[in-house]
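Welcome! Here is a short briefing to help you find your way around this protein. Take a look at the picture first, and then we can walk through it together.

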Amino acid sequence: MNIYWGDLHVHSNCSDGRRSPAACLESAREAGLDFCAMTDYVDHVPKSRYGLLPSDSWERIQTAVREAERPGEFAALLGFERSVPSWDGQTPGSLCVYYRTDSGPLPTSRHPQRDWLRPGAIRPDEDMRSLWDELAETECLKCIVHSCSARQGYTWTAAPGEYEIDLVEVYSKWGACETQDCTFPVVDGSGRPPRPGGWVRDALAAGFRVGLIGGSNTHFGYPGSDLWENDWANAARYDKSGLTAVLAEELTRDAVFQALRDRRCYATTRERIQLDFTVNGQPMGSMLAGQDRLRIRVHVVGTRPVKRIEVFRNGEPAHHKIGGREDLDMVFDDPAPDEPTWYYARVTQTGEDLAWSSPIWIDP
Ligand SMILES: [Zn+2]
């Protein structure tokens, strides 16, 4: 398997970003990224300067994605971002959807943005069900982004499990969503603290089996950059893009999509930290059952000396290793659990850059 690097959260001037989809994808390639997804808003653009995503924009996005794909060199993914219920009865959540192919339906926007701020205007189950129905015939992946945001987050602890989610964005320029005490947390422009129940760990504890990804959420149109973006709609809190690494056989749209589908992916704070996390030789994202014992292995090659590797079991610290050099390996054994259990690894290297693996789930 090879590691490929990309940005899965990019806005163009087809919704509330500044540059064309083609320019965004060109910049992604010039920045040395291997893949990039376009995720323009279908709705929820407050007082847009460019207007909401009209049908010809969807054509422009699809064309740009189709023309940017260069098998073996660069993969372009088609997607969109849309408001979904956050299950707190008051605010919208944000969902990015990625398609396997370079064309697909554009789901309708059922509500203008103001509806999300009017109590009672949204019927969460009805809204969610209609979107899920619209996407039922399309091969796609659903990713909740900035879930711990107070303004546009997702209350995992209240979210019905029937709406399956494939991926969760653990870091973007808005901040990190891993857990309450994480470095770089998402704090809204309004200064409101993160959303209770909106952490990635809450999702995992609630039984969502999601892969972890990173993105920029760029509105300036420079995927994977370290520009601080003081844009009109979304002032980024941090300058560094999140990046997603996928473990794939080849660099094509289809192979990247499949890696994301299998949760063979991890997130970093822009540094290209190599992270290999396995249980009994199976890669991150795996679901294992009927194991006699667990051999858990983490191998990291940092871009600077690795300070520590931590492995969490059901959200609690389980094992760690203190580093001091770029190349660090840790191996430990755990007994097979007698209840569903999840592990993930977090790497911290000097300069406080982080990498988060997708989890591995162990069923008895
Ligand atoms: Zn976005």
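In what order do four strands form an open sheet, and is the pairing parallel or antiparallel? The order is 12-11-14-17, and the pairing is antiparallel. Please keep in mind that this is a predicted model. The points below begin with that sheet and then move on to the domains, the core and some single residues.

**The open sheet**

- Strand 12 (282–283) and strand 17 (327–335) are the edge strands of this sheet, since each of them pairs on one side only.
- Strand 14 (residues 293–301) runs antiparallel to strand 17, and nine bridges join the two.
- If you would like one pair to look for, Ile296 has Phe332 in strand 17 as its bridge partner.

**Two domains and where they meet**

- The domain assignment splits the protein chain into domain 1 (2–270) and domain 2 (277–363).
- Between the C-alpha centres of domain 1 and domain 2 there are 26 Å.
- Where the domains touch, 18 residues of domain 1 are in contact with 15 residues of domain 2.
- On the side of domain 1 that touches domain 2, the elements giving two or more residues are helix 5 (200–205), strand 8 (211–214) and strand 10 (265–268).
- Strand 10 supplies the largest share of that side of domain 1, with four residues.
- Sorted by class, the side of domain 1 that touches domain 2 holds eight nonpolar, four polar and six charged residues.

**The largest nonpolar core**

- In soluble globular proteins, nonpolar side chains tend to be buried together.
- Here, the largest nonpolar core has 96 residues, and those with the most contacts inside it are Leu77, Tyr98, Cys143, Val168 and Val256.
- Strand 3 (residues 75–85) gives the most to this core, contributing six residues.
- Why does this core lie between domain 1 and domain 2? Both domain 1 (2–270) and domain 2 (277–363) give residues to the core, so its place is between them.
- Leaving out residues up to four places away in sequence, Leu77 touches Phe35, Ala37, Val65, Tyr98, Arg253, Val256 and Phe257.

**Strand 3 and its partners**

- How many of the eleven residues of strand 3 are buried? Eleven of the eleven are, so the strand is mostly covered.
- Strand 2 (residues 35–41) runs parallel to strand 3, and seven bridges join them; Met38 stands opposite Leu78 in strand 3.
- Strand 4 (residues 92–99) pairs with strand 3 in the antiparallel sense, again over seven bridges, and Val97 in strand 4 is the bridge partner of Phe80.
- Strand 3 and strand 4 form a hairpin with six residues between them.
- Trp87 lies in the loop between these two strands, and its phi is near 70°, a positive value in a residue other than glycine.
- Trp87 counts as buried because it has 22 C-beta neighbours inside 10 Å, where the cut-off is 20 or more.

**Helix 1**

- In helix 1 (residues 21–30), the residues Pro21, Cys24, Leu25, Ser27 and Ala28 are buried.
- These buried residues are on the same side of helix 1, because they cover an arc of only 160° around the axis.
- After helix 1 comes Gly32, with a positive phi near 85°.

**Single residues worth a visit**

- Ile144 belongs to strand 5 (residues 140–144) and is buried, with 27 other C-beta atoms within 10 Å.
- Not counting neighbours within four places in sequence, Ile144 is in contact with Gly93, Leu95, Tyr154, Ile165 and Val168.
- Tyr344 sits in strand 18 (residues 341–349) and counts as buried, with 24 C-beta neighbours inside 10 Å.
- Setting aside residues up to four places away in sequence, Tyr344 touches Phe312, Trp356, Ser357, Ser358 and Pro359.
- Tyr344 and Trp361 are 17 residues apart in sequence, and their C-alpha atoms are 9.0 Å apart in space.
- Phe184 is found in the loop between strand 7 (175–176) and helix 5, and its phi is positive, near 55°, in a residue other than glycine.
- Is Phe184 buried or partly exposed? Phe184 counts as partly exposed, because it has 19 C-beta neighbours inside 10 Å, and a buried residue needs 20 or more.

Terms used
Residues are numbered from 1 along each chain as its sequence is written. This is a predicted model: local features need pLDDT of at least 70, side-chain atom pairs count only at pLDDT 80 or more; totals for chains, interfaces and linings use all residues. A nonpolar core is a set of buried Ala, Val, Leu, Ile, Met, Phe, Trp, Tyr and Cys residues joined through C-beta atoms within 7 Å. A residue is buried if 20 or more other C-beta atoms lie within 10 Å of its own, exposed if 12 or fewer, and partly exposed in between; C-beta atoms are placed from the backbone. Domain bounds come from an automatic or database domain assignment. Two residues are in contact if their C-beta atoms, placed from the backbone, lie within 7 Å. The arc is that of the directions from the helix axis to the C-beta atoms. Ala, Val, Leu, Ile, Met, Phe, Trp, Tyr, Cys and Pro count as nonpolar, Asp, Glu, Lys and Arg as charged, and the others, Gly among them, as polar. Two strands pair if DSSP finds at least two bridges between them.
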